[in-house]
Amino acid sequence: MVALAAAVVLPPLLGWVLAAAAPEASGLRELLDAVGFAAVYLVVLWLAVGPRRLAATEILVWGSRYATAGYAATTGIRDPTDAVAAGAWLRAYPPTADEDPERRYWRAHAHLVAGDVPGARSVLSTLTDVPEYGYAVASLEAQLALAEGGAPDLEKVAAAADAWTEPLGRAVAMANLGALRGQRAFVCGEDDVAAVLSVRRGVGGRAARFFLIRAWLPIIGITLSAMLIGRLVGTA
């Protein structure tokens with residue numbers, strides 16, 4: 001909060017100081033005013049959404065990127081919610097006897113997206129004896145339970161996530177666990193934001209850094225560019 005407040009106060013304050021001390025430095029003063037405007041915009045957004053919900057959104061978006069990328073790499077489908085595309089892919093690429101575990105996992109996921117829960121369970125059952133897919137199986141089983149309106153075994157998912165030794169993989173697993181907890185809490189009328197934030201320590205600062213680089217800094221850049229272009233057009 002202190003950093004955000006400083007981002008709001010310092011740029012326009014420096015602009016005012018420049019205006020008093022060096023009236024000829026109008027270009028730099030306008031730039032600092034633009035920075036101040038962008039910072040105010042971000043703080044207003046932060047306050048409107050709420051720090052808790054914004055942090056939860058960062059975790060959800062960051063974690064979902066990896067599943068979306070894995071699904072797309074196997075199926076070629078960019079929209080992970082496209083049921084029609086999932087069904088078309090399943091018909092175009094039937095299973096083979098020597099299909100590798102990664103492709104089988106995403107095949108099960110495609111069945112879920114297509115609305116075929118029994119088909120997803122059937123494919124997923126072929127992965128239960130593959131040790132390195134323990135978390136993936138537990139997570140997808142929980143999603144299938146939610147799709148059926150049942151109670152997901154999130155304790156099993158949490159145990160599988162805790163057993164992950166690779167740091168990034170564990171962080172992604174924790175983010176996806178947060179998504180499952182949030183979904184269950186939402187369905188049960190509980191605090192879904194708190195459910196997602198329960199994995200915040202396991203995710204670390206990865207989600208916040210991702211949003212800073214991919215969202216907040218580009219927003220500042222676009223805002224500054226728009227204001228400077230407006231100035232140039234206005235003075236042309």
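Student: Which share of the contacts in the protein chain with a separation of 6 or more comes from residues 24 or more positions apart?

Tutor: That share is 58%. Keep in mind that we're looking at a predicted model here. A contact means heavy atoms within 4.5 Å.

Student: And how many helices and strands does the protein chain have?

Tutor: The count is 12 helices and zero strands. Read along the sequence, you just get α repeated: α-α-α-α-α-α-α-α-α-α-α-α.

Student: OK, let's try single residues. Why is H111 called buried?

Tutor: Set the value against the cut-off. Buried means under 20% relative accessible area, and H111 comes out at 15%, so H111 counts as buried. You'll find H111 in helix α5. Leaving aside neighbours within four places in sequence, H111 is in contact with L90, D116, V117, G119, A120 and V123.

Student: Why does L140 count as buried?

Tutor: Its relative accessibility is 0%, and the limit is under 20%, so L140 is buried. L140 lies in helix α7. Setting aside neighbours within four places in sequence, the contacts of L140 are Y105, A108, H109, L112 and L124. For another distance, take W106, 34 residues from L140 along the chain: their C-alpha atoms are separated by 10.0 Å.

Student: Now T57. Why is T57 called partly exposed?

Tutor: Buried stops under 20% and exposed starts over 50%, with partly exposed in between. T57 has a relative accessible area of 32%, so T57 belongs in the middle class. T57 is part of helix α3. Look at A207 too: T57 and A207 are 150 residues apart along the chain, and their C-alpha atoms are separated by 9.1 Å.

Student: What makes D153 partly exposed?

Tutor: Try the same test. D153 has 42% relative accessibility, which is between 20% and 50%, so D153 counts as partly exposed. D153 sits in the loop between α7 and α8. The C-alpha atoms of D153 and A142, 11 residues apart along the chain, are separated by 5.9 Å.

Student: What percentage of the residues of the protein chain count as buried?

Tutor: Of 236 residues, 39% count as buried. As for the surface, the chain exposes about 13,100 Å², with 64% of it supplied by carbon and sulfur atoms.

Student: Why do nonpolar side chains tend to be buried together?

Tutor: I can only tell you the tendency, not its cause: in soluble globular proteins, nonpolar side chains tend to be buried together. In this model, the largest nonpolar core has 31 residues, and I59, W62, V157 and V203 have the most contacts inside it. At least two residues of this core come from each of α3, α7, α8, α9, α10 and α12. The largest share, seven residues, is from α9. There is another core apart from this one, with 22 residues, including L112, V113, V130 and L144.

Student: What is V157 in contact with, leaving aside its neighbours within four places in sequence?

Tutor: The partners of V157 are Y135, A138, S139, A142, L177 and L180.

Student: Last topic, the largest pocket. What volume does the largest pocket have?

Tutor: Its volume is about 1,100 Å³. The lining has 42 residues, and the closest to the centre are G63, A67, S139, Q143 and N176. Two or more lining residues come from each of α3, α5, α7, α9 and α10.

Student: Which element gives the most to the lining of the largest pocket?

Tutor: That's α9, with 11 residues.

Student: How do the residues of the lining divide into nonpolar, polar and charged?

Tutor: There are 25 nonpolar, 12 polar and five charged residues. As an example of the sorting, Gly counts as polar, so G63, one of the residues closest to the centre, falls in the polar group.

Note on methods
Residues are numbered from 1 along each chain as its sequence is written. This is a predicted model: local features need pLDDT of at least 70, side-chain atom pairs count only at pLDDT 80 or more; totals for chains, interfaces and linings use all residues. Side-chain values use heavy atoms; hydrogens and water are left out. On a 1 Å grid over the protein atoms alone, a cavity is a set of points where a 1.4 Å probe fits but cannot get out, and a pocket is an open set with protein on both sides within 12 Å along at least five of seven lines; lining residues have an atom within 4 Å of a point. Grid points are joined across faces, edges and corners, and a volume is the space filled by probe spheres set on the points. Helices (H or I, at least four residues) and strands (E, at least two) are DSSP runs, numbered from the N terminus. A nonpolar core is a set of buried Ala, Val, Leu, Ile, Met, Phe, Trp, Tyr and Cys residues joined through side-chain atoms within 4.5 Å. Buried means under 20% relative accessible area, exposed over 50%, partly exposed in between (1.4 Å probe, protein chains only). Accessible areas come from the Shrake-Rupley method with a 1.4 Å probe; for residues, only the protein chains shown count as cover.
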